[in-house]
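Please read these points with the model open beside you, and check each one against the coordinates as you go.

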Amino acid sequence: MAQAPKFDPEHPWGGDSSNGLVDVNAQYAGLEYHYTYLIFCGFIVWIIIPGIGLMYGGLARRKSSLSLLFQSLLVASVTTFQWMFWGYSLAYSRTANAFIGDLANFGMMKVQAAPSPSSAVIPEIVFCLYQMLFCACTVQIVIGGSFERGRIVPSLVFGFFWATIVYCPIACWTWNSNGWLYKLPSLDFAGGGPVHIASGWAALAYAVVLGKRKHQGEKSHGKPHNTTLVFLGTILIWFGWFGFNGGSALNASVRAMYAAFNTNTAASFGVLGWVMVDYIRSRGRFSVVGACEGAIAGLVGITPAAGYVNCWFAALIGFITAVVCASLQDLNEWLGIDEGLYVFKLHGIGGMIGSFLTGIFADQAISFLDGSSLSPGGWNGNGAQVGRQFAEIGAISSYSFVVSCILLLILKYIPGMHLRVSDEAEMMGLDLDQFFDEQIGEADWGMFSNVTNELPAHAVDGLVSSGGSSSVERDVARPDTKEA
């Protein structure tokens, strides 16, 4: 069996290929299947980003749907720059302290062919790409907190700095071998803390700082405009999550395959759990959107546990997470907020449930399927692990929420960075306010004639000057207008 290469501080690039004398691939001879598998996982993780955009776009009203699709590509692009600039170094530099990395890898310096910090069988450039996509997915989830009222440019600026001062430190705590949660240790296989708990609390902070949406009794308020988009987005997310969890073993071991199996199991049982709650609540009826939310809840719940628990506990985690989240239908009213995409409910609460249950059900027999990791949980008599999971939950929740609030409040009072669109723009829709000659779905420019009587004169002038986009939806049309 081929031996894994070792990192050489004298050659941090993994070898000098500039003179044509050193073949940097030779050190991975016989181990190529590990990084081939991981790069494939990275490719399908990327699909999650537009998948979230499609799901968010379908859940929004038509007049504000395009902005959510657009931001999925912009978030991927902005996060790529952030990660290359300093994000990777702040999260994974080998010389990090217990809380955050240094700038040893600033600007992708020394990130090339050497064995990665977290897995000796993975070249660092492959590891860097894979982890960058985790950061992009997380920021995309957070953007959901600006649902139907947040301006695009400030949300992207917020995303850049949130990734820098929230995501990167938490990733360092959790996955960097110098991080304090890593050494504790808390068990987080694929991102229950850095991805879900952090993004859920950040989205809650975003919704709190922005305030509630304007609501004038429209029938479409709070209802998805396109269930097909929600379904398609969910399918892409589910598919991408095989790479998200399946690749987090950072090798092509049996443990990685088991994590992929657990991913599908938890998502499936999440669907069953949410549909069951809907069926009971509605007295015998179903909801496609509910089934999709159940799949997401199951995926969120299993993320920290995928490589630690057996398949039946994975089913239980997915089912419990979905049932709890589905039962919190009135969470916004209880908290007095307007978090229309339920990011906090699905990712924040779902992530905390998953992390807690990981501490209970983690089984060292599963973690050792990679041949090297022994991670006992309550199932093995290690009850202290549950307390360590609570430490992770409390630290990440409080840090993400407080720092996100501070960052948003700073941006709010910077000239030109006001977070929220005007009342008129919100009534007309974000798509009409922030795009030109584009709308989601089939164009219907004649619809313009049905809305002008309901808008202020200056808003009508704005419509005319922008081309009269028909993304103005039925809730601002005259009562006698047929719904789009």
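1. How are α1 and α4 oriented relative to each other, roughly parallel or roughly antiparallel? In this predicted model, the axes of helix α1 (residues 32-46) and helix α4 (residues 124-143) cross at roughly 20° and come within 9 Å. Angles under 35 degrees count as roughly parallel, and α1 and α4 are therefore roughly parallel to each other.

2. The way in which these two helices pass one another can also be described, since α1 goes by α4 in a left-handed crossing. On the α1 side, the residues that meet α4 are Y35, L38, I39, C41, G42, V45 and W46, and their partners in α4 are V126, L129, Y130, L133 and C137. Sorted by character, the residues of this contact of α1 with α4 comprise 11 nonpolar and 1 polar, with no charged residue.

3. Helix α1 also packs with helix α8 (residues 227-246), and here the axes lie 7 Å apart at an angle of about 140°. That angle makes α1 oblique to α8, and the crossing of α1 and α8 is left-handed.

4. The contact between α1 and α8 involves Y37, C41, I44 and V45 from α1, together with F239, G240, F242, G243, F244 and G246 from α8. The residues of this contact of α1 with α8 divide into 7 nonpolar and 3 polar, and no charged residue takes part.

5. As a last point for you to trace in the model, C41 and V45 of α1 are listed in the contact with α4, and C41 and V45 are listed again in the contact with α8.

How values were computed. Residues are numbered from 1 along each chain as its sequence is written. This is a predicted model: local features need pLDDT of at least 70, side-chain atom pairs count only at pLDDT 80 or more; totals for chains, interfaces and linings use all residues. Side-chain values use heavy atoms; hydrogens and water are left out. Axes are lines fitted to C-alpha atoms, for helices over the stretch in contact, and angles run from 0 to 180 degrees between N-to-C directions. Helices (H or I, at least four residues) and strands (E, at least two) are DSSP runs, numbered from the N terminus. Angles under 35 degrees count as roughly parallel, over 145 as roughly antiparallel, 65 to 115 as roughly perpendicular and the rest as oblique. A crossing is left-handed if the near helix is turned anticlockwise from the far one by less than a right angle, and right-handed if clockwise. Contact means heavy atoms within 4.5 Å. Ala, Val, Leu, Ile, Met, Phe, Trp, Tyr, Cys and Pro count as nonpolar, Asp, Glu, Lys and Arg as charged, and the others, Gly among them, as polar.
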